[in-house]
Amino acid sequence: MNTPIMNNEYIFFFVGGTCGSFVKTIFATYLHELDKSSKMPTLSVTESTGDCHETRAWIRHYHYLEDLDLTKKIVVIDFDEDDVPSIVKMHFHKVVVEQLSDDPEFLDHRWGESGRRLFGQYRDDHQMLLQQFLNNPYYLIFEDWQAQINSINPVLTIKFKDIMLGNLNEIIAEFFKVSSLPEVDEFIETYRQANQEYLTYE
């Protein structure tokens, strides 16, 4: 089987839970529209969690500043303080729960003694564990995220609210200077419906 070729022009930089795989899928769809040799992703949403981790959007992404190749065109997903509870809920349900299922000692391995102290007693009570993360969000989200993204020069910054509530398709189409794709509008609608339960805005 041939290994798919990664897009080498763009990379993504985002915090887990900010819908990065979803946005990458849309981005890869436009790259395919512009160049048919570019791999077309699957516009699909995992029904149980609302994630897009299996869409085969062949664009690398990173969660840590030190891993970035600053010679690439970087797309950043940014967020505001009032987005944090929604992001924590997404990260928890789409990533943490699965990691705990794969590795019951995940909390210890990831955060050591402080993780054991804060989260250990709740590892089997997901509702209480989620509440602990909501009370201590910077275990999942970098407290210095703004400083990190201010230290680089992205070609595009997309806000979390635009992903979940705004004109995301138009933002990406405008970036590529093309007309927006109707199939992407449908994909966005499906994704937003699947993830509505995670949003915590008043």
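Modeller: Buried means under 20% relative accessible area, exposed means over 50%, and partly exposed is what lies in between, with a 1.4 Å probe and protein chains only. This is a predicted model, where local features need pLDDT of at least 70, side-chain atom pairs count only at pLDDT 80 or more, and totals for chains, interfaces and linings use all residues. Residues are numbered from 1 along each chain as its sequence is written, and side-chain values use heavy atoms, with hydrogens and water left out.

Biologist: Okay, why is Lys177 called exposed?

Modeller: Lys177 has a relative accessible area of 74%. Set that against the over 50% rule, and Lys177 is therefore exposed. Its place is the loop between H7 and H8, where helices (H or I, at least four residues) and strands (E, at least two) are DSSP runs numbered from the N terminus.

Biologist: What is the phi of Lys177 like?

Modeller: Positive, at about 60 degrees, although Lys177 is not a glycine. Arg56 has a positive phi too, near 60 degrees, and is likewise a residue other than glycine. Arg56 sits in the loop between H1 and strand S2 (59-62).

Biologist: And what makes Arg56 partly exposed?

Modeller: Its relative accessibility is 41%, which falls between the two cut-offs, so Arg56 gets the middle label, partly exposed. Val97, in helix H2, is partly exposed as well, with a relative accessibility of 22%.

Biologist: What does Val97 touch, leaving out residues up to four places away in sequence?

Modeller: Phe92 and His126, where contact means heavy atoms within 4.5 Å. Val97 and Ile87 are ten residues apart in sequence, and their C-alpha atoms are 14 Å apart in space.

Biologist: Back to the loop between helix H7 (168-176) and H8, where Ser179 is also found. How do you know that Ser179 is exposed?

Modeller: Ser179 reaches 62% relative accessibility, so exposed is the right word. Apart from neighbours within four places in sequence, Ser179 is in contact with Tyr30 and Ala173. From Ser179 to Asn169 the step is ten residues in sequence and 9.5 Å in space, C-alpha to C-alpha.

Biologist: Now helix H1, which holds Thr29. Why is Thr29 called buried?

Modeller: The relative accessible area of Thr29 is 2%. Buried needs under 20%, so Thr29 counts as buried. Beyond residues up to four places away, Thr29 touches Met40, Pro41, Leu43, Leu181 and Val184.

Biologist: What makes H1 and H8 roughly antiparallel?

Modeller: H1 (residues 20-34) and H8 (residues 182-195) pack at about 170 degrees, with axes 11 Å apart. Axes here are lines fitted to C-alpha atoms, for helices over the stretch in contact, and angles run from 0 to 180 degrees between N-to-C directions. Under 35 degrees is roughly parallel, over 145 roughly antiparallel, 65 to 115 roughly perpendicular and the rest oblique. H1 and H8 are therefore roughly antiparallel.

Biologist: Which residues meet there?

Modeller: From H1, Phe22, Thr25, Ile26, Thr29 and Tyr30, and from H8, Val184, Phe187, Ile188 and Tyr191. By class, that contact of H1 with H8 has seven nonpolar, two polar and no charged residues. Nonpolar covers Ala, Val, Leu, Ile, Met, Phe, Trp, Tyr, Cys and Pro, charged covers Asp, Glu, Lys and Arg, and the others, Gly among them, are polar.
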